[in-house]
Amino acid sequence: MTILRTLSLAVALVCIVVRADEQPIEIHDRIKQDGGLGNRVALTLDACSGRYDEALIDFLVKNRIPATIFATKRWLDRNAGAVVTLKANLDLFDIENHGERHIPAVIGKDREVYGIAGAPDLPHLRREVQEGARAVEKATGMAPLWYRGATGVYDPQAADEIRRLGFKIAGFSVNADDGASLSKASVVKRLRRVKAGDVIIAHMNKPDSETAQGLSAGLPELLERGYVFVRLDQVELTELPSHGAAKP
Ligand SMILES: [Zn+2]
């Protein structure tokens, strides 16, 4: 092989590596095992925009199941009644930051995730994160520690900036409802895959979905199996190797 061909191959390989690094990824996390109980699982509920799934929250309150709620400013503004209920149950619910307007954490003009436009530049991303945090603090009196971007997908620059702003990024390991699109039976089936240390994601902003029915049927099975639900303000997470780049 000539030196020139070797050199061009090397350049091509470097380009592939750099491009892979810049791809947005879905961050997957599990609960860090730090000598604590090995049977912990975390339920996280996204309140993206839209409405309040009262049946779901009522079920959690009645059964004393703790959850971490990722709320946007948009959802908090539109669901004042729900905020009153959540605030009355802060022993169960940890309210964390899901952004101001549900803008995915990918940076660049014309970037989008699942059809939702990303942040055109860094200042827009900062605003999304910081105004989301401000809204949570205003609503609950407590500053959030965790951030989950809309769609759960991040490009490396956005992930770095979110951490620089002082937030930990909350991924997940079991997707229980695919954005509140699954049937009750499918949600129950997903929950049967839960293992110790898993971080479950579901949604609490679509009361017309079957998410509440699915969780109401599936979560008691996890309690019967001996799992203990914890909130993200009680644990640290550890990131799993990426399952490949998400759709940009
Ligand atoms: Zn969301």
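Which residues coordinate the zinc ion? In this predicted model, the zinc ion is held by three side chains: Cys48 through SG, His98 through NE2 and His102 through NE2, at 2.1 to 2.3 Å. Read along the chain, these donors follow the spacing C-x49-H-x3-H.

That spacing is worth a look in the structure. Cys48 and His102 are 54 residues apart, and the pair links distant parts of the chain. Cys48 is in the loop between strand 3 (40-47) and helix 2 (54-62), while His102 belongs to the loop between strand 5 (93-97) and strand 6 (112-113).

Are these two donors buried or exposed? Cys48 has a relative accessibility of 8%, so it counts as buried. His102 comes in at 13%, so it counts as buried too. The cut-off behind both calls is under 20% relative accessible area.

Now stay with His102 and check its backbone. Most residues other than glycine have a negative phi. His102 isn't a glycine, yet its phi is positive, at about 60 degrees. So if you click on His102, you'll find a zinc donor that is buried and has a positive phi.

Where else can you find a positive phi in a residue other than glycine? Go to Tyr114, where phi is near 50 degrees. Tyr114 is in the loop between strand 6 and strand 7 (116-117). Its relative accessibility is 46%, so Tyr114 counts as partly exposed, whereas His102 counts as buried.

Terms used
Residues numbered from 1 in each chain as written. Predicted model: local features only at pLDDT ≥ 70, side-chain atom pairs only at ≥ 80, totals over all residues. Heavy atoms only, no water. Helix = DSSP H or I, 4+ residues; strand = E, 2+ residues; numbered from the N terminus. Buried < 20%, exposed > 50% of the residue type's maximum accessible area, 1.4 Å probe, protein only. Donors = N, O, S within 2.8 Å, 3.2 Å for Na, K, Ca; no water.
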